[in-house]
Amino acid sequence: LRIEHSADEGDDNLYLWEGCENPVSLRKASDGTMRLLAYQVLLGHPEIPLLIGIEEPEQNLHPAAFKEVASLLEQLAERTQVIITTHSSQLLDAFNPEGLSDNLGVLLLQNVPGKGTEVINLEDARKNREALDGWITDFGIGSAIFDSELLQDVTEG
């Protein structure tokens, strides 16, 4: 992946080379490609902010790109605090479950009528549910949250 500037024949544009024969003009690149590029630029920048917040980083991306996004976010989290919001179990499954207590934390937010927002830390839920560890190991973080009985118990409970 590289970006090159071209000023040929009055065309002043940036082009993205993704291993294809022909470059893609950044003016014509998809939103998902631009997001991936932004994450790469942020990761490569020598000075990054103390906190990076990204809402739904999976938006406009093909699910096949989720592993790359998760890897980029994990690398960023080694340098600064990164907070993402998502409803995507597929994106959560792309994160390395081994990093759950190091640089990766998962918080579930729930609106409780009359009380406001309740926060459940996945690490706390793991301590109270032996089977949750197995779900995370076997199926991934997102699948453990969405397919185990965790969400159902949280919303009922």
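**Close-ups of a predicted model**

**View 1. The largest pocket and its centre.** Of the 33 residues lining the largest pocket, I84, L92, G105, V106 and L107 lie nearest its centre. A pocket here is an open set of points on a 1 Å grid over the protein atoms alone, with protein on both sides within 12 Å along at least five of seven lines, and lining residues have an atom within 4 Å of a point. This is a predicted model, where local features need pLDDT of at least 70 and side-chain atom pairs count only at 80 or more, while totals for chains, interfaces and linings use all residues. Numbering starts from 1 along each chain as its sequence is written, and side-chain values use heavy atoms, leaving out hydrogens and water.

**View 2. Who builds the lining.** Strand 5 gives the most to the lining of the largest pocket, with five residues. Helix 2, strand 5, strand 6 (107-112), helix 6 (141-147) and helix 7 (150-156) each chip in at least two. Helices (H or I, at least four residues) and strands (E, at least two) are DSSP runs, numbered from the N terminus.

**View 3. The buried side of helix 2.** Look for F66, V69, A70, L72, L73, L76 and A77, which are buried in helix 2 (under 20% relative accessible area, 1.4 Å probe, protein chains only). They cover an arc of only 160° around the axis (taken from the directions from the axis to the C-beta atoms), so they sit on the same side of helix 2. Their packing partners are helix 1 (31-44), strand 4 (51-55), strand 5 (81-85) and helix 3 (89-94), with contact meaning heavy atoms within 4.5 Å.

How values were computed:
Buried means under 20% relative accessible area, exposed over 50%, partly exposed in between (1.4 Å probe, protein chains only). On a 1 Å grid over the protein atoms alone, a cavity is a set of points where a 1.4 Å probe fits but cannot get out, and a pocket is an open set with protein on both sides within 12 Å along at least five of seven lines; lining residues have an atom within 4 Å of a point.
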